[in-house]
Amino acid sequence: MPWSCCSGRWPWRTAFPRSDRRTVRRRCWWWALWSGGRWSRGGDTGPGSCSPGTGSLCFPCCPVTGTSCTPRRYDVEQPVWSAPADDAATAAALQDRFAALLGQEPDGVWAAPGRVNVIGEHTDYNGGFALPMALPHRTYAAVRRREDGVLRLASAQRRGLWEGRVEDVRRDGVCGWPAYVAGVAAVLAERVGAEAVGVDVLVDGHVPVGAGLSSSAALSCSLAVALRDLVPGLSQMSVEDLVTACVRAENEVAGAATGGMDQTVSLRAVDGHLLLLDARDFTVVPVAWTLPQHEVLVVDTRAHHSLADGQYERRRRTCEAAAAALRLTSLRELSADRLDDADVRSVLAGIPDAPARVRHVVTENDRVLDLVAGLREQDASRVGALMTASHVSLRDDYEVSAVELDVAVEAALGAGAEGARMTGGGFGGSAIALVRREEVDVVAAAVLAAFVTAGLTPPVFLEAAPSRPAGRVL
Ligand code: GLA
């Protein structure tokens with residue numbers, strides 16, 4: 001059987017047919033409980049030879065499959081924190097690296113932030129509300145303009161140099177991270193011609209990838225602001241138009257049918273504020289963070305999430321089908337008190353999954369506005385309760401949570417967080433918790449312990465301070 005209990009994730013999720021998973025999970029839990037006395041902190045990975053007090057956790061092998069395995073060792077007793085990079089130092093180092101790799105100095109270095117969404121999930125493509133904030137974690141792009149319509153793209157995190165012509169990007173297709181950069185050039189070329197947007201780019205990502213923190217939007221937005229500053233014909237572009245270009249790059253070139261929240265906050269964030277986004281017309285209102293005693297703790301579960309795998313798009317299409325069947329432009333026009341109307345129920349009953357999906361979207365829109373009111377009243381417990389209600393709705397109605405996210409939320413709440421929820425598209429990625437400043441370490445330690453106990457890969461933690469938008473660094 002292709003399974004080892006020491007694989008670091010819930011193996012029953014992938015290795016067993018759905019019908020068998022519950023049984024396997026139950027047996028594994030029994031094994032975990034039964035063997036609890038034998039789990040010990042130790043520094044040795046050899047079977048049965050854990051010794052106390054040396055800073056890792058040893059796990060016994062689950063006998064359900066009979067596979068022999070070495071006890072898993074987690075060298076993490078303390079939570080691991082991801083600190084934002086120092087802007088000036090990172091830009092200077094990237095400039096040098098660019099010159100060494102590409103033979104000339106770049107014209108400058110730009111950066112764009114990732115984001116966490118405090119509430120309002122899967123609402124943007126339904127014309128609804130969201131409340132994201134920019135992270136201090138940014139992606140940096142050293143850029144040099146070319147005159148020949150060629151793109152040469154390199155990453156400090158990946159090997160190799162991607163090279164192609166701007167005019168070929170749409171026709172030939174681009175895979176992986178270069179699509180988010182080449183896509184922006186291809187979309188902006190419609191305004192000024194392909195020759196004008198050829199560039200050499202070296203990116204350095206400090207937004208965790210696959211963590212649901214919009215590393216992809218940070219990537220495309222960093223090039224968008226660079227091209228606006230470097231290409232004369234683009235210098236008059238409004239920030240709203242830049243957002244549209246980045247969304248189109250992601251939808252049309254990278255193949256992710258995302259809704260625009262990420263690019264909006266990356267380009268339009270206001271330092272120290274959340275951004276109340278009304279996705280009906282993409283207007284934004286800065287909302288001050290009024291809870292100085294509290295902060296948003298981000299738990300990057302390291303369960304990789306991807307928006308291009310079909311699950312995200314499937315939900316989007318269900319919502320669009322529901323809106324069309326109800327003869328609405330978008331689900332934004334449906335209020336919560338109409339959810340129980342007989343005519344609405346009978347229309348939604350004809351579309352697979354629609355009743356629950358629509359209930360999430362409609363109630364989530366209300367939660368966003370309630371949370372903004374809670375913030376204005378400095379009511380941390382109301383804010384927290386709404387975050388937790390959002391998680392329950394995403395888990396049960398929208399079905400985009402994951403074991404790792406649920407473990408993080410429950411552990412954070414159990415350790416005293418005011419509220420907690422998954423953030424971003426889901427299916428892995430990150431959870432957030434509203435935590436009193438003095439309890440951040442305690443909550444992080446409790447989440448780490450819950451992950452280790454559940455046999456999950458230990459998470460990484462970030463402190464989310466609402467930060468500034470994309471712009472030039474050097
Ligand atoms: C991803 C998408 C966003 C939004 C969220 C879910 O982050 O990029 O547009 O739909 O998922 O709220």
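Reader: Why is Cys221 called buried?
Author: In this predicted model, Cys221 has a relative accessible area of 0%. A residue counts as buried under 20%, so Cys221 meets the term.

Reader: How do you know that Cys221 is in no disulfide?
Author: A search of the whole structure finds zero disulfides. For Cys221, the nearest cysteine sulfur is that of Cys246, 4.0 Å away. A disulfide requires a pair of cysteine sulfur atoms within 2.5 Å, and the pair Cys221 and Cys246, at 4.0 Å, does not meet that limit.

Reader: Is Cys175 buried or exposed, and what makes it so?
Author: Cys175 has a relative accessibility of 67%. The term exposed applies over 50%, so Cys175 is exposed.

Reader: Where is Arg146, and is this residue buried or exposed?
Author: Arg146 belongs to the loop between strand 7 (132-145) and strand 8 (150-155). Its relative accessible area is 18%. Because the limit for buried is under 20%, Arg146 counts as buried.

Reader: What makes the pair of Arg146 and Asp200 a polar contact?
Author: The side chains of Arg146 and Asp200 are joined at 2.9 Å, and the cut-off for a pair of N or O atoms is within 3.5 Å. Not counting residues up to four places away in sequence, Arg146 touches Arg152, Glu195, Gly198, Val199 and Asp200.

Reader: Which residues are closest to the ligand, and how many surround it?
Author: The ligand is surrounded by 14 residues, and the closest are Glu121, His122, Asp124, Asp262 and Tyr312.

Reader: Which polar atoms of Arg115, His122 and Gly259 lie by oxygen atoms of the ligand, and at what distances?
Author: Arg115 places a polar side-chain atom 2.8 Å from an oxygen atom of the ligand. His122 has a polar backbone atom 2.6 Å from a ligand oxygen, and for a polar backbone atom of Gly259 the distance to a ligand oxygen is 2.8 Å. On its own the ligand has 300 Å² of accessible area, of which the protein covers 99%.

Reader: Why is strand 14 described as largely enclosed?
Author: Strand 14 spans residues 419-423, and five of its five residues are buried, so the rest of the structure largely encloses it.

Reader: How do you know that strand 14 and strand 15 pair, and what do they form?
Author: Pairing needs at least two bridges; five join strand 14 to strand 15 (residues 430-436), and the two run antiparallel. One of the partnerships is that of Thr423 with Ser430 in strand 15. The two strands form a hairpin with six residues between them, and Gly424 in the turn has a positive phi of about 85°.

Reader: Why are strand 6 and strand 12 called edges of their sheet?
Author: The sheet is open, with three strands in the order 6-11-12 and antiparallel pairing. Strand 6 (129-130) and strand 12 (283-288) each have a single partner strand, so one side of each lacks a neighbour in the sheet.

Reader: What makes strand 6 a partner of strand 11?
Author: Two bridges join strand 6 to strand 11 (residues 273-278), and at least two are required, so the strands pair; they run antiparallel. Ala130 stands opposite Leu277 in strand 11.

Reader: How many helices and strands does the chain have, and what share of its residues is buried?
Author: The chain has 14 helices and 17 strands. Buried residues make up 57% of its 474 residues. About 19300 Å² is exposed, with carbon and sulfur atoms supplying 49% of that area.

Note on methods: Residues numbered from 1 in each chain as written. Predicted model: local features only at pLDDT ≥ 70, side-chain atom pairs only at ≥ 80, totals over all residues. Heavy atoms only, no water. Buried < 20%, exposed > 50% of the residue type's maximum accessible area, 1.4 Å probe, protein only. Helix = DSSP H or I, 4+ residues; strand = E, 2+ residues; numbered from the N terminus. Polar contact = N/O pair within 3.5 Å; in protein donor to acceptor, adjacent residues only side chain to side chain. Contact = heavy atoms within 4.5 Å. Near = heavy atom within 4 Å. Areas by Shrake-Rupley, 256 points an atom, 1.4 Å probe, with all protein chains shown as cover.
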